[in-house]
Amino acid sequence: MRTSGVLMPIFSLSSKGGIGTLGKEAYRFVDFLNEAGQTWWQILPLNPTNYGDSPYQSFSSYAGNPYFIDPEFLIEEGLISDDEFNSFDFGEEPSLVDYGKLYENRIKLLKIAFSRFKADQDYYDFCKGNSFWLDEYALFMALKNLNNDISWENWDKPLRFRETSTIENLKNSQSEIIDFYHFLQFKFYQQWFKLKEYANEKGIKFIGDIPIYVAFDSVDVWSEPEQFSLDKNLKPKAVAGCPPDAFSAEGQLWGNPLYNWSFMKKDGFSWWKRRMGHALKLYDMVRIDHFRGFESYWAVPYGETTAKNGKWLKGPNMSLFNAFKKEFGENLPIIAEDLGFLTPQVLKMVEKTGFPGMKVLQFAFSTDSESEYLPHNYNKNCVVYTGTHDNDTIIGWANSASSEELDFASNYMRVGQEGINWAMIKTAMMSVGDVCILTMQDIIGLDSSARTNTPSTVGQNWKWRIDGICINDWLAEVLFDLTKLYFRDKKAE
């Protein structure tokens, strides 16, 4: 079945309060997708942001970002007032997220809500059903608060090494702040699953995102260090990244700790099964980031300042995915983010899984040789993108492309008066790929100033927010007509 959808981060919605939330604007976007004949809403990871405000560097691979809890819904519940909400400064620029202002003020607002919250059976059921990750997360965040938010590697030794008596004493003394973090996750997931239920009833499905790695400063590493490649002092032996490529001449030094794959395999991949099982409840389809890293991964010696001096090490390959299929069934709703340096071994692994890979049109127009990203080379079992969150917008790409690339793209896509963004959108939609995902910035024709992320940079990423007037009936009709023309309309199912 041919389908299509839109990549739009939650934080990019035009919700009140400085950042997109799971509130009214999210529901309005679901309605927009429905009217436009779309099937998918692809989002970025929902986890709390950590280093550089990146959703790919989080304190937890399970927890939801408390910034996404919608304050207007809390007002309706009587947990905060309009005046209290409006008394906080969450940023002056409606088109950009001000993470500094959110860090300074959002938790203060949520603590007011917590002070009025009365636990009920739904809350107790949530805490019990999610205790396998929630209790450790709440404790971890309470300890971060106690230690002025510094990384756990700099905590006192009894905390770093989880000395039992110390941990138990702190659970008692920090019980109120621990309860606060339970409350935040309850509210986040309450709002998320209500939104998901609404979307699914409208025929809109979510594509969620699992980063292949977790942050070193995370409860995942602190609570289960044996799952990671650490030395006796709990320092990483090597860290993750990728070699020099089209994005960066020095490669990308992500800094995440690597997995102890031999331990994980002996353990039956229980850590990964828990993580995937949780993701399959959250989303209708799961995109696994940096999929090639399961065949072999780039390991950079700890302490290096670039990724150039790394080396390839072997990953778990099919043993992990065979474990998934045995646990969750053969037909797993997974997208393999198979971009980057692909060897025959990686391609063979992706083929064996049966998961659809990704085709990115912006990669297609090199004049050096025929590209696998040109639509005439696609097979049906793929997800076609004009660009991902790591790409420039189409307009931005066109402004920086060489004249040879631009001429090739213009001739290939028959760019006309509609502009290169709509020509590329049409080319992606008409391709044979089963699924086509468009970025919202490209649909409304924005330039590089609306880019979501520029890899290997810090400080200006993950900030773009849409103007709410862009989500309108006229645009929905335009997108619907195009979707129907290329037989991707869910209303025709």
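**Exercise 1. Place the strand β4 among its partners.**

Task: find which residue of β7 is the bridge partner of Gly241, and work out how β4 is paired and covered.

Solution. The bridge partner of Gly241 in β7 is Trp298. The model is a predicted one, in which local features need pLDDT of at least 70 and side-chain atom pairs count only at pLDDT 80 or more, while totals for chains, interfaces and linings use all residues. Residues are numbered from 1 along each chain as its sequence is written, and side-chain values use heavy atoms, with hydrogens and water left out.

Strands and helices are DSSP runs numbered from the N terminus (E, at least two residues, for strands; H or I, at least four, for helices), and two strands pair if DSSP finds at least two bridges between them. With these terms, β4 (residues 238–242) pairs with β7 (residues 296–301) in the antiparallel sense over four bridges. A further antiparallel pairing, over three bridges, links β4 to β5 (residues 252–257), where Val239 has Pro257 as its bridge partner.

The last step concerns cover, for which buried means under 20% relative accessible area, exposed over 50%, and partly exposed in between (1.4 Å probe, protein chains only). Five of the five residues of β4 are buried, and Cys242 has a relative accessible area of 8%.

**Exercise 2. Trace the parallel sheet.**

Task: give the strand order of the open sheet of eight strands, and then examine the surroundings of β12.

Solution. The order is β9-β6-β3-β2-β1-β12-β11-β10, with parallel pairing. At the edges stand β9 (334–336) and β10 (357–360), each of which pairs on one side only.

Within this order, β3 (residues 205–210) runs parallel to β6 (residues 285–288) and is joined to it by four bridges, with Gly208 opposite Val286. Strand β12 (residues 435–439) is paired in parallel with β1 (residues 3–7) over five bridges, Leu7 standing opposite Thr439; three bridges join β12 to β11 (residues 382–385), again in parallel, and there Val384 faces Cys436.

In a regular strand the side chains alternate between the two faces of the sheet. In β12, Val435, Ile437 and Thr439 point one way and Cys436 and Leu438 the other way, and all are buried.

**Exercise 3. Account for an unpaired cysteine.**

Task: explain why Cys470 forms no bond with the closest cysteine sulfur.

Solution. A disulfide is a pair of cysteine sulfur atoms within 2.5 Å. The closest cysteine sulfur to that of Cys470 lies in Cys436, and because the separation is 20 Å, it is too far for a bond. The structure as a whole holds zero disulfides. Cys470 itself is partly exposed, with a relative accessible area of 22%.

**Exercise 4. Describe the setting of Gln191.**

Task: decide whether Gln191 is buried or exposed, and list its contacts beyond the neighbours within four places in sequence.

Solution. Gln191 belongs to helix α9 (residues 175–201) and is buried, its relative accessible area being 5%. Taking contact as heavy atoms within 4.5 Å, and leaving aside neighbours within four places in sequence, one finds Gln191 in contact with Leu22, Tyr27, Phe68, Ile69, Asp70, Phe73 and Leu74.
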